[in-house]
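Please work through the following exercises with the sequence and the structure at hand. Try each task before reading its solution.

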Amino acid sequence: MKIEQIKPYGSEGSKRMQVEKMFNNIAHSYDALNHTLSLGVDRVWRRNAIDHLKPFHPQRILDVATGTGDFALLAYERLQPRQIVGCDISEGMMEVGRKKVEKAGLCQHITFQHEDCARLSFDEGEFDAVISAFALRNFENIDACMAEMYRVLRLGGQLSVIDLCTPVGFPMRQLFYLYKKGIMPLIGRIISHDDLAYTYLPQSMDAVPQGEQMQAIITRAGFQKTSYKRLAFGMCILYTGEK
């Protein structure tokens with residue numbers, strides 16, 4: 001798969017190692033960058049993904065590639081589950097998340113674990129729902145990660161995943177192309193001080209499977225009732241499925 005060959009820092013080393021290094025490097029500025037680059041709309045996209053789960057009342061949720069914990073915190077706020085586990089390969093990102101959770105007084109409900117999402121340490125059927133935000137392009141092996149998300153869900157458990165995508169209609173496709181090729185890398189370099197991290201982002205967005213292709217990958221992992229929905233003029237996409 002083309003996306004699995006695109007790495008932040010060139011050809012040397014595995015994608016997993018490079019992505020871990022990249023997120024450790026930009027952890028201090030990740031939240032500011034996310035909100036700036038999306039003009040704050042990323043919060044709305046996250047709410048769409050969380051609200052999909054409301055009818056199912058999940059009590060134990062796994063947030064894959066949790067980063068700094070924003071998705072986990074929002075999931076707790078809107079769903080009030082018994083427990084959320086956020087997992088990630090970047091300790092730097094999760095350390096930011098732990099501080100947020102501690103400040104919110106939610107340490108009993110939200111915890112963090114260092115995990116490779118292609119080889120999760122959790123038991124089969126351990127979670128009622130699996131969520132993930134803006135992470136698909138960073139996976140070294142998307143099929144393996146999706147298979148693991150499926151494995152750790154209980155029967156009837158729900159998947160809700162959002163990621164950035166390329167708009168398909170005129171003029172948003174053309175405007176978004178200019179934004180991600182010019183403005184996005186520039187803002188990323190200024191705020192993160194990592195010249196390559198936000199050059200990697202638009203490259204990975206171009207390569208990651210989207211729409212029907214990603215839905216097919218999710219279905220191949222075993223999920224039923226799979227679907228996808230484009231949000232915000234097609235700049236973000238929500239994927240859902242059920243075990």
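The exercises below concern a predicted model, and each task is followed by a solution in steps.

**Exercise 1. Find how W45 and F134 are arranged as an aromatic pair, and explain which parts the pair ties together.**

Step 1. The structure holds four aromatic pairs, and the one formed by W45 and F134 has a distance of 6.2 Å centre to centre, with 65 degrees between the planes. Planes over 60 degrees apart count as edge-to-face, and this pair is accordingly edge-to-face.

Step 2. W45 belongs to helix α3, which covers residues 42-51, while F134 sits in the loop between β4 (127-133) and α6 (142-152), so the pair ties together parts that are 89 residues apart in sequence.

Step 3. For burial the cut-off is under 20% relative accessible area; W45 is buried, with a value of 5%, and F134, at 5% relative accessibility, counts as buried.

**Exercise 2. Classify the ring pair of F122 and F127, and decide whether F122 is buried or exposed.**

Step 1. The ring centres of F122 and F127 are 5.2 Å apart and the planes stand at 85 degrees, so the pair is edge-to-face.

Step 2. F122 has a relative accessible area of 6% and is therefore buried, and F127 is buried with a relative accessible area of 0%.

**Exercise 3. Look at the backbone of A65 and F134, and state what the sign of phi is at each residue.**

Step 1. Most residues other than glycine have a negative phi.

Step 2. A65, although it is not a glycine, has a positive phi of about 60 degrees, and F134, which is not a glycine either, has a positive phi of about 55 degrees.

Step 3. A65 is placed in the loop between β1 (60-64) and α4 (70-79), where it is partly exposed with a relative accessible area of 24%; F134 is placed in the loop between β4 and α6.

**Exercise 4. Describe the salt bridges that R78, K100 and R151 form, and say where the partners lie.**

Step 1. The structure holds 15 salt bridges, and in one of them R78 meets D51, with the closest N and O atoms 2.7 Å apart. R78 lies in helix α4 and D51 in helix α3, so this pair ties together parts that are 27 residues apart in sequence. R78 counts as partly exposed at 27% relative accessibility, and D51 counts as partly exposed at 28%.

Step 2. K100 and D70 meet through their side chains in a salt bridge of 2.5 Å, N to O. This pair links distant parts of the chain, with K100 in helix α5 (residues 91-104) and D70 in helix α4, 30 residues apart.

Step 3. R151 and E148 form a salt bridge of 2.8 Å, N to O, and because these two residues are three residues apart in helix α6, they are separated by about one helical turn. R151 is partly exposed, with a relative accessible area of 22%, whereas E148 is buried at 11%.

Step 4. A network of salt bridges links R16, E20, D116 and R119.

**Exercise 5. Locate the nonpolar patch on the surface and the ring that K243 lies over.**

Step 1. The patch on the surface is formed by L175, Y177 and L178, which together have about 340 Å² of accessible area; of these residues, L175 lies in helix α7 (residues 172-192).

Step 2. K243 lies over the face of Y150, at 4.8 Å from the ring centre.

Conventions. Residues are numbered from 1 along each chain as its sequence is written. This is a predicted model: local features need pLDDT of at least 70, side-chain atom pairs count only at pLDDT 80 or more; totals for chains, interfaces and linings use all residues. Side-chain values use heavy atoms; hydrogens and water are left out. Patches are made of residues with over 30% relative accessible area and no salt bridge: like charges are joined within 9 Å, nonpolar side chains (Val, Leu, Ile, Met, Phe, Trp, Tyr) within 5 Å. Accessible areas come from the Shrake-Rupley method with a 1.4 Å probe; for residues, only the protein chains shown count as cover. A salt bridge is a side-chain nitrogen of Lys or Arg within 4 Å of a carboxyl oxygen of Asp or Glu. Helices (H or I, at least four residues) and strands (E, at least two) are DSSP runs, numbered from the N terminus. Rings of Phe, Tyr and Trp (its six-membered ring) pair if their centres lie within 6.5 Å; planes under 30 degrees apart count as stacked, over 60 as edge-to-face and the rest as tilted. Buried means under 20% relative accessible area, exposed over 50%, partly exposed in between (1.4 Å probe, protein chains only). A charge sits over a ring if NZ of Lys or CZ of Arg is within 6 Å of the ring centre and within 35 degrees of the ring normal.
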